[in-house]
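User: Please take a close look at the aromatic rings in this structure. Then work outward to whatever else stands out in the backbone and the cysteines.

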Amino acid sequence: MSQCPISEYALLSDSHTAALASRGGSVDWLCFPRFDSPAIFGRLLDDAAGHYTIRPTGETRVSRQYVEGTLVLETRFATDGGQAILTDALAAGPNERGHELGAHAPHALLRQVRGIQGEVDIEIEYVPRPEYGIVHPLLVSADGGLLARGGAAVLLLSSSVEWAVTDSTARARITIREGEALGFALQYRSSSDDAPAAWSQEEIAHFLAETVRAWQNWSAIHQSYQGPWKDLVHQSGRVLQGLTYFPTGAMVAAATTSLPEEVGGTRNWDYRFCWARDASFTLDALWVAACPDEAHKFFDFLAGAAGHAPANHVRHRGRA
């Protein structure tokens, strides 16, 4: 199990699934393509269950924040030689705006390193372990990246670096200088689908910019709350949206599973499902965060799951 406290992880989301990224630049939890899918990276639970790390070599000072109005994470690394920013996001689809955030998620994890000052030596370790760490996939070079096949998952890591591959683990070292940027895109497909095509550096940058715009547009039309603790309320609203599964409007209780309240304990539930007990509190929080459309969609899901007419049907019938 990861020795990093859960509070040190930041949430990424495309409203289909979520990833958790540590302060050390490691994605230690990611289930593709849905919240409840088997983990591709699961070091959060077991050191051997996979991770994807991009970090400077040597001593590093770290600070991080979300890009304003988004769940796009920026981690600033400062070393004796320079500074670099690692940007992480789960990609939004093209032209996703407003209530359509998550409608066409391409199921891709985006990462980009930008040099801010001087130069920074970066080490990359890519350790995909599908099926919660059971599968050690075959890693092979592909046009424009690195292809992983194992179990039901096909993963393509688009990049321009040269990898050293040993025992289903890929490693690379690069030097990033001021003004330079290098992007990575990890795309998922089922083994029954055609393998994805690699994305160019321009495409990765485009999808990253689109993801920022998609979240900022969602925030602009949803987050009108102006009361006490406004910034925290708005951030909470984005987290709730990030925990929402777009196709149904259902909201998972958390992005994780199998984390006991204490190490060795038995209270290690799977929270990647909608818990009806918590639904009323979540609905109230959505209203406070000024997200009424999402609250209605969530209530429709609950009503349908309980075997009753969806709320939209009831409202429409009442107006008629």
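Analyst: The aromatic rings come first, then the charges over them, the loops, the cysteines and the confidence.

This is a predicted model. Searching the whole structure turns up 8 aromatic pairs. Take Phe-41 and Tyr-52: their rings form a tilted pair, with centres 6.0 Å apart and planes at 40 degrees. The tilted label follows because the plane angle falls neither under 30 degrees, as for stacked, nor over 60, as for edge-to-face. Phe-41 belongs to strand E4 (residues 39-41), and Tyr-52 to strand E5 (residues 51-56). The pair therefore ties together parts that are 11 residues apart in sequence. Both Phe-41 and Tyr-52 are buried.

A second pair is Tyr-271 with Trp-275. This one is stacked, at 4.9 Å centre to centre and 20 degrees between the planes. Tyr-271 counts as partly exposed, at 26% relative accessibility. Trp-275 is partly exposed too, with a relative accessible area of 26%. Both values lie between the 20% limit for buried and the 50% limit for exposed, so the label is partly exposed in each case.

Back to the buried pair. Phe-41 and Tyr-52 join Tyr-126 and Trp-163 in one aromatic cluster. Tyr-126 falls within strand E9 (108-127). Tyr-52 also has a charged neighbour: Arg-111 lies over the face of its ring, 4.7 Å from the ring centre. Elsewhere, Lys-297 sits over the face of Phe-246, at 3.8 Å from the ring centre.

Now the loops. Thr-79 is in the one between strand E7 (73-78) and strand E8 (82-90). Is Thr-79 buried or exposed? Its relative accessible area is 13%, so Thr-79 counts as buried. Beyond neighbours within four places in sequence, Thr-79 contacts Pro-56, Glu-59, Thr-60, Arg-61, Glu-119 and Val-120. Of these, Pro-56 is in E5, the strand that holds Tyr-52.

The backbone has some unusual points. Most residues other than glycine have a negative phi, and most peptide bonds are trans. Against that background, the bond from Phe-32 to Pro-33 is cis, with omega near 0 degrees. Pro-33 is located in the loop between strand E3 (26-31) and E4. Two other positions carry a positive phi without being glycine. Asn-95 has phi near 60 degrees. His-107 has phi of about 60 degrees. Asn-95 is in the loop between E8 and E9, and His-107 is found in the loop between E8 and E9 as well. Asn-95 is exposed, at 63% relative accessibility.

Next, the cysteines. How many disulfides does the structure hold? The count is 0. For Cys-4, the nearest cysteine sulfur is that of Cys-31, 17 Å away. A disulfide needs two sulfurs within 2.5 Å, so Cys-4 is in none. Cys-4 is partly exposed, with a relative accessible area of 25%. Cys-274 is partly exposed as well, and its relative accessible area is 25%.

Last, confidence. The protein chain averages a pLDDT of 90, and 95% of the residues score at least 70. Residues 313-320 have pLDDT below 50. Beyond near neighbours in sequence, that stretch has 2 contacts in the model. Where pLDDT is low, the predicted coordinates should not be read in detail.

Notes:
Residues numbered from 1 in each chain as written. Predicted model: local features only at pLDDT ≥ 70, side-chain atom pairs only at ≥ 80, totals over all residues. Heavy atoms only, no water. Phe/Tyr/Trp six-rings, centres within 6.5 Å; stacked < 30°, edge-to-face > 60°. Helix = DSSP H or I, 4+ residues; strand = E, 2+ residues; numbered from the N terminus. Buried < 20%, exposed > 50% of the residue type's maximum accessible area, 1.4 Å probe, protein only. Lys NZ or Arg CZ within 6 Å of the ring centre and 35° of its normal. pLDDT = per-residue confidence, 0-100. Contact = heavy atoms within 4.5 Å.
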